[in-house]
Amino acid sequence: MAVAYFHFSRELNDFLPRHKRHTKIVYSFTERASIKDMIESLGVPHTEVDSIEVNAKSVDFCYIVQDADNINIYPISARNSIYPKIELRPEPLSSIRFVLDIHLGKLATSLRLLGFDTLYRNDYKDEELALISHNESRVLLTRDKGLLMRSLVIYGYYVRNTNPQQQIVEVLQRFDLFNVVSPFQRCLRCNGILEAIAKESIVDQLPETVQLQIDEFHRCQNCGQIYWKGSHYERLQQFVQSLMANGN
Ligand SMILES: [Zn+2]
């Protein structure tokens, strides 16, 4: 039987059972397997991995693990190694866009509120999510580790928090997005872009109090939803401000 030694750095340990965290893991194997498969069989989705070193040399996910290999695995957020690394993904994303699994509806709304291009439907199937993420180079956000282990998924992130308010802060921090937030530009319902619209053209669709009090309106270019700065807007603005405070 062959044996390899795995050492996971920093927050990759979140995915390991308690007794395996921050220790050298002795992994016995008999069958030929790629390092991606072995990392995932230990519970860590490949989307969380920034780089891998085997015996002090950088390797990619296809590397076949050999007997007595000494393996260091680094998370995306931090890497302290001195060795030049092999990139595990085709290229860094030039602009960030998301697709979210069906359990993250509130997080999807918050991301849209902050202006991020965010696909979400409460009936997406796992195959669809993986395919959309792959085809459109969207970061797949999910709390389903199995979904992130699909080979199609190149860019993905396992959301640690379960509370939606903490989730949005976590995502802003993880992807360093505080400086690119652009609130009230997108439809919360469908992700469409909002455009300014003249009051005259929609006045018959407005409640009477709004007709009298509000003059500025936006409409979703995609679904036609009309937005104005009512009491709801003030609550949302406070929400945005409270989120931004986490970026200081
Ligand atoms: Zn819309």
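Just past helix H3, Ser137 adopts a positive phi of about 50°. The model is a predicted one, and H3 is a handy place to start reading it.

H3 spans residues 126–135, and its buried residues are Leu129, Ala130 and Ser133. These three sit on the same side of H3, because the arc they cover around the axis is only 95°. That fits the usual helix arithmetic: with 3.6 residues a turn, residues three or four places apart in an α-helix point the same way. Flip to the face turned away from the buried side and the exposed residues Glu127 and Asn135 turn up. As for what the buried residues of H3 pack against, the partners are strand E6 (98–100), strand E8 (139–142), helix H4 (145–148) and strand E9 (156–158).

Several of these elements come back in the largest nonpolar core, which has 26 residues. Phe98, Leu100, Leu107, Leu140 and Leu141 are the ones that touch the most other members. At least two core residues come from each of E6, helix H2 (105–113), H3, E8, H4 and helix H5 (164–174). H2 is the top contributor, with 4 residues. Take Leu107: once neighbours within four places in sequence are set aside, its contacts are Leu100, Leu141, Pro164, Gln167 and Ile168. There is also another core, lying apart from this one and made of 15 residues, including Ala4, Ile35, Val44 and Ile73. Grouping of this sort is no surprise, as nonpolar side chains tend to be buried together in soluble globular proteins.

Ile73 leads on to the strands. It belongs to E5 and stands opposite Ile52. Strand E3 (residues 49–54) pairs with strand E5 (residues 70–75) through 5 bridges, in the antiparallel sense. E3 also runs antiparallel to strand E4 (residues 57–59), to which 3 bridges join it; here Glu53 has Ser58 of E4 as its bridge partner. Between E3 and E4 there are just 2 residues, making a hairpin, and Asn55 in the turn shows a positive phi of about 50°.

Zooming out, the chain divides into domain 1 (2–75), domain 2 (98–186) and domain 3 (194–244). The centres of domain 1 and domain 3, taken over C-alpha atoms, are 51 Å apart. On the annotation side, an unreviewed UniProt entry puts the feature "domain: Mut7-C RNAse" at residues 97–239. Across residues 97–239, helix accounts for 34% of the chain and strand for 16%, with 22 Å between the end C-alpha atoms.

Methods: Residues are numbered from 1 along each chain as its sequence is written. This is a predicted model: local features need pLDDT of at least 70, side-chain atom pairs count only at pLDDT 80 or more; totals for chains, interfaces and linings use all residues. A residue is buried if 20 or more other C-beta atoms lie within 10 Å of its own, exposed if 12 or fewer, and partly exposed in between; C-beta atoms are placed from the backbone. The arc is that of the directions from the helix axis to the C-beta atoms. Two residues are in contact if their C-beta atoms, placed from the backbone, lie within 7 Å. UniProt positions are given in the numbering used here, feature names are shortened, and annotations may be inferred rather than shown by experiment. Two strands pair if DSSP finds at least two bridges between them. Domain bounds come from an automatic or database domain assignment. A nonpolar core is a set of buried Ala, Val, Leu, Ile, Met, Phe, Trp, Tyr and Cys residues joined through C-beta atoms within 7 Å.
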